[in-house]
Amino acid sequence: MTDVDRVLSESTENYLETILLLVQKSPVARARDIALRLKVNRSSVSGALHDLSGRGLINYEPYGFVTLTPEGTEIATRILRRHEALRDFFVNVLGIDRAEADEAACRMEHGVSKAIIDRLLDLSTFMETCPKVGEKQARGDGYRCREAAHSLEKCELCVSRCLENVKNRVGKGDSNKMSVTVLSELKPGEKGRIEKLAGAGAIRRRIADMGVIKGSLVEVIRVAPMGDPIDVKIRGYHLTLRKTEAADICVQKVV
Amino acid sequence: MSPAKERFTMALAGNPNSGKTTLFNCLTGARQHVGNYAGVTVEKKEGTCIFGEVEIKVVDLPGTYSLTAYSVEELVARNFIIEEKPDVVVAVIDASNLERNLYLALQVMELGVPVVLAFNMSDLARERGVEFNLELLSSLLGAPIVPTVGSKNTGMRELLAAALDTARAGRTARAPDIRYGQDIEQSLARIGACLDASSHKSADQRARRWTAIKLLENDAQVAARVEAPEIHQVVAAERARIETVLGDTAEMIVADRRYGFISGACQEAVRSTVESRHTMSDRIDDIVIHRVWGLPIFLGLMYLMFWLTFSAGAPFVDWLEGLFGWLRGAVSGLWPAGSESILKSLLVDGILGGAGGVMVFLPNIMLLFLAIAILEDSGYMARAAFMMDRLMHMIGLHGKSFIPMLTGLGCSVPAIMATRTLENQRDRLTTMLVIPLVSCGARLPIYALIIPAFFPEAWRAPMLWIVYVIGIVLAIVCAKLLRSTLFKGASVPFVMELPPYRMPTVKGMLIHMWERAGLYLKKAGTIILGISIVLWALTSFPRMQTSGPHASPEERRAAELSHTVAGRVGHAIEPFIKPLGFDWRIGTAMIGALAAKEVFVAQMGIVYSVGADGAKSETLREKLRANYSPLVGFCVMLFMLISAPCMATIAVTKRESNSWKWALFQLFGLTVMAYLLTMLVFQAGSMLGIGVR
């Protein structure tokens, strides 16, 4: 939530939203239409409009037309997006009736942070597109697709990988246990998928710059003759690092 | 017809080992020079290349993996692009290692300069079964792509043509704007708005975006340029927000998104047809850095390097010695026999005897540099660092310190300059201070003079090896000592690439070797020649006016030399160096060696050509054998190995550490240590009767 979000009251937000809806239909909004839509009387409308114009969110002359300033448009768009996100979630995912969904969204839209809305949107897209629904991704991300762009070909690849995983687990009799460990614990020849980079500061950034990023595949190739730095293959090249640094890299063993 | 030529500046940026230098050599040929970036000591290579009517200045930026503010190289590369505004930047990309190489290229593009991508070693990538859809990739990345093969000199015309087109267009038509995702973009917009409201307003949208990204990434250097406190407040708030929303620091998310963008582009435009898990390079590594065979092979290679330097160089040295002998004879022939002419003495004894005595070791030096060039260019040096890191870590240093130390075998000056690759100042200073203990090429002439004089054929190579090992062991001990006293602190992490092995190109090696041999020759031609003349003067003046009642000419000459300045100084310090087994002649030569180690040889030559009968053409070695025991010979080598490095080393230490304190510490610390250790060895040796004839 931005600072502006915080200082706006619920009714102010409703005013902005309504103005935006009206402006989208015709170039300008009139105080009368606003009063009609919000079901309030004309005098309280003109008071609120004075207030909004004082804050620089709308352009308004008494008895004239109302338009939104760029800042006002931005805020109103955000509110509308929240409203639509909530409504769509109710309709598409929860299967609620549209009118009821609209009403609930109207009341909820003011108290929900942007982060929650974003996750909700992610979840909606995920539920609608991913056939893997039900497999919780153990990354603290909730249900959402890791690939930014959805294409059916990618989905096909992903699902087949998922099936293979299940087969492997069944074959190993290891139904649900995740083998999360650190890179320094892997033996030469073993592979892992990077889960997390612990550690701090410049060295962590350096390791990330070298391509050691969450989700990439890494294979331990060998250990140096004197036993310390290890040689791993990542993104098709050889990277060497000491075991102390490798101990800060969490990986999930890949069989 | 002399049309006003167009001039362009073109910078080469790329990862280490992307073949950038090979490409640079291809483009500029012999028209290049090496210098330093102003203020910092990172190597700067510049050259020119003519393409049609256009003169292009090519600048080789230091090889980096990223453009953060964490290392000097990265700062230099990025500041060059921002401040010097080259007309076009060629991002050199190792096509067989696309993703990590593109990561840097993407950051270069973000700086808002016109960029051309050179897909270098594209032949190698094709051999490995990688297929590129260059057209698609080019449109995804928003920059023209030219496939090149530096080692075969192909694709250069196309590269230059594309670079010129891009430079003329001013900006890449549609450079990509990587979208960092909603949360980051929102932060960038807020920081950007804040920048616009302040005095950092910039007309260029891309520059503004870049500054905002860097601020969000917590880049110390960019942050320092922004004064307004309110911007810092906004940045801090946004960083905190990103961390709560996305669960990691902004710089990590940014790195993640960049790699994400690259992976996406590569997935669409690159196809690997052959699943090659085990490349040639991997197979070599299976043997060369094997857990058991790795170290013996490493030690064997080092031994081979010294054998090559010493034994294989011997015939050339003999030939050069013959040449200088002939020259001296020819020059003295211009004067009547028995002439006492000062000019003749200056030419024959001073110049030819002094500088010539150093020049004859040029074959040794060149072979050593050749061996180092092969190790470096083939990719073995990184393996050496990998294998030696455990050892280096034990003494509190970084495996990368091993490379400057190994370079120290050639010359301490470039070695100390090579410590720039170390990011930690404590590591850097420690490495710098102990590097002179690693026996440099300039000390080789001393060993080359002394070892054959005192030791039988079979003992010569092992003896040389022993001297080098002593130096390395001492360097380790001193580093450990320094690291646990003066430079206490946690050691630096070791994150390094093992580049694929490559066949070194003859051209590359020759350029490499010539750069360094050239430095040696320049030293011989200037400093050493000057010192030789000064020392000749010191050993000739003041002249004795009356010839006293001496029985033989030898005695008369000895008395004459005692009378000179050098003789007097040598005599004066004789009581101090007596416990080391040295006489005043060696003392005199050691003073000369302060200027440059190899002057010791020149000086001994002069001292003896004066002190003995010049008519008999005995070689210097025979004279040494007649005058000293093998133990003294060994002590001379030991003292010269440890004692004060040459003036050039002291000067470069001063420059690199930016303080006279460390330079003087190095000078006196090493000399005191040399004195004590040599005394110990000589006294013990004399008592036990080892090597006393």
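This section describes the internal cavities, a nonpolar surface patch and the salt bridges of the structure, which is a predicted model.

A search of the whole structure identified six cavities of 30 Å³ or more. The largest cavity has a volume of about 70 Å³. Its lining is made up of B:Leu449, B:Ile450, B:Phe454, B:Ile586, B:Phe600, B:Met604, B:Leu624, B:Tyr628, B:Val632, B:Gly633 and B:Val636. In chain B, helices α21 (444-454), α27 (599-611) and α29 (630-642) are the elements that each supply two or more residues to this lining. Classification of the lining of the largest cavity gives 10 nonpolar residues, one polar residue and no charged residues. Residues of the lining come both from domain 3 (307-350 + 359-508) and from domain 4 (548-688) of chain B, and the largest cavity therefore lies between these two domains.

The second largest cavity has a volume of about 50 Å³. It is lined by B:Glu110, B:Asp177, B:Arg206, B:Arg209, B:Trp210 and B:Ile213. The greatest contribution to this lining is made by helix α8 (residues 205-216) of chain B, which provides four residues. In contrast to the lining of the largest cavity, which has no charged residues, that of the second largest cavity contains four charged residues, together with two nonpolar and no polar ones.

On the surface, a nonpolar patch is formed by B:Tyr303, B:Leu304, B:Trp307, B:Trp459, B:Trp465, B:Ile466, B:Val469, B:Val473 and B:Val477, whose combined accessible area is about 820 Å². Two or more residues of the nonpolar patch are given by each of α13 (294-312) and α22 (457-484) of chain B. Of the elements involved, α22(B) gives the most to the patch, with six residues. Among the patch residues, B:Val469 is located in helix α22 of chain B.

Salt bridges were counted over all chains, and the total comes to 36. One of the pairs joins A:Arg81 to A:Asp118, with a separation of 2.8 Å between the closest N and O atoms. Because A:Arg81 belongs to helix α5 (residues 70-93) of chain A and A:Asp118 to helix α7 (residues 114-129) of chain A, this pair ties together parts that are 37 residues apart in sequence.

Methods
Residues numbered from 1 in each chain as written. Chains lettered and ligands numbered in written order. Predicted model: local features only at pLDDT ≥ 70, side-chain atom pairs only at ≥ 80, totals over all residues. Heavy atoms only, no water. 1 Å grid on protein atoms, 1.4 Å probe; cavity = no way out; pocket = protein on both sides within 12 Å on 5 of 7 lines; lining within 4 Å. Points joined across faces, edges and corners; volume = space filled by probe spheres on them. Nonpolar A, V, L, I, M, F, W, Y, C, P; charged D, E, K, R; others polar. Domains from an automatic or database assignment. Patch = residues over 30% accessible without salt bridge, like charges linked within 9 Å, V, L, I, M, F, W, Y side chains within 5 Å. Areas by Shrake-Rupley, 256 points an atom, 1.4 Å probe, with all protein chains shown as cover. Salt bridge = Lys/Arg side-chain N within 4 Å of Asp/Glu carboxyl O.
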